[in-house]
Amino acid sequence: MVALVSQENVVTLVSRTGRELQRYRKGRRQVVGCIPYRYKIGEKNSLDVSDELEVLVISSQKGKGMLFPKGGWELDESQKEAALRETMEEAGVRGIVEGKLGKWSFKSKTYDTLYDGYMFPLLVQEELEFWPEQNLRQRRWMSISEARDVCQHWWMKEALDRLVNRLLGQKLGSEKQVLRSLNCIGDAKSDLLKV
């Protein structure tokens, strides 16, 4: 008997390495990453969206700091594909990559060169038991404020702030829509009562 396995369920346990396929623009290495997030169980009613969220940070390979997963954007992938790949390789999670949070230029701590970094939110749907860099990194779910405190890169902290503001805007927008709908229903009922 032969069992068919969907490609999307197969995880390679080897990270891509080397820089021969890396993208560069005007001499700057192009890197992409994700802020993996999830909603705390049973806490979607808070007025402050940051109270409802947890984000996943990982340990740095070269230091004691924590950061969000990121790495080189390669020639054979879109930005979102690269961000999802890096997040799976480094943090062992998969999910929905959402719209770009922005682009930042920063200087590498290791090399004396400038990079362009692009960050995306990733709504986590699956946390893998095994992943390529599980022996090289620790992963930890944290509150927004904890992540802000431990994240070693200023530009990742800024991306985190953008994510929180985006989700807050979405939440407020959906609450306004619900209120508008309730007002319309209420107006219609009161009009019916007057007749």
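**View 1. The buried residues of helix 2.** In helix 2, the buried residues are Gln 79, Ala 82, Ala 83, Arg 85, Glu 86, Thr 87, Met 88, Glu 89, Glu 90 and Ala 91. The model shown here and in the views that follow is predicted. With 10 of its 13 residues buried, helix 2 is largely enclosed by the rest of the structure. Look around the helix for its cover, which includes strand 2 (28-39), strand 3 (53-59), strand 5 (70-72), strand 6, strand 8 and strand 9 (139-142).

**View 2. Helix 2 from end to end.** Helix 2 covers residues 79-91, and at 1.5 Å a residue its 13 residues should span 18 Å. The C-alpha atoms at its ends are indeed 18 Å apart, in agreement with that expectation. Follow the chain just past the helix and you meet Gly 92, which has a positive phi of about 70°.

**View 3. Strand 6 beside strand 8.** Strand 6 takes in residues 93-97, and it is largely enclosed by the rest of the structure because four of its five residues are buried. Its antiparallel neighbour here is strand 8 (residues 114-127), joined to strand 6 by five bridges. For one of these pairings, find Val 93, whose bridge partner in strand 8 is Glu 127.

**View 4. The largest nonpolar core.** This core holds 41 residues, and Ile 35, Val 55, Phe 68 and Met 119 have the most contacts inside it. Helix 4 (residues 154-194) gives the core its largest share, seven residues. Nonpolar side chains tend to be buried together in soluble globular proteins.

**View 5. The surroundings of Ile 35.** Leaving aside residues up to four places away in sequence, Ile 35 touches Val 55, Phe 68, Leu 101, Met 119, Phe 120, Pro 121, Leu 122, Met 156, Ala 159, Leu 160 and Leu 163. Val 55, Phe 68 and Met 119 will be familiar from the core, where they join Ile 35 among the residues with the most contacts.

**View 6. Two buried cysteines.** Cys 34 has 0% relative accessibility and so counts as buried. Cys 151, at 4%, counts as buried too. The number of disulfides comes to zero.

**View 7. Stepping back to the whole chain.** Four helices and nine strands make up the elements of the protein chain, running β-β-α-β-β-β-α-β-β-β-β-α-α from the N terminus. Of its 195 residues, 42% are buried. Among contacts between residues at least 6 apart in sequence, 69% join residues at least 24 apart. The accessible surface comes to about 11,700 Å², with 53% belonging to carbon and sulfur atoms.

Note on methods:
Residues are numbered from 1 along each chain as its sequence is written. This is a predicted model: local features need pLDDT of at least 70, side-chain atom pairs count only at pLDDT 80 or more; totals for chains, interfaces and linings use all residues. Side-chain values use heavy atoms; hydrogens and water are left out. Helices (H or I, at least four residues) and strands (E, at least two) are DSSP runs, numbered from the N terminus. Buried means under 20% relative accessible area, exposed over 50%, partly exposed in between (1.4 Å probe, protein chains only). Contact means heavy atoms within 4.5 Å. Accessible areas come from the Shrake-Rupley method with a 1.4 Å probe; for residues, only the protein chains shown count as cover. Two strands pair if DSSP finds at least two bridges between them. A disulfide is a pair of cysteine sulfur atoms within 2.5 Å. A nonpolar core is a set of buried Ala, Val, Leu, Ile, Met, Phe, Trp, Tyr and Cys residues joined through side-chain atoms within 4.5 Å. The expected span of a helix is 1.5 Å times one less than its number of residues.
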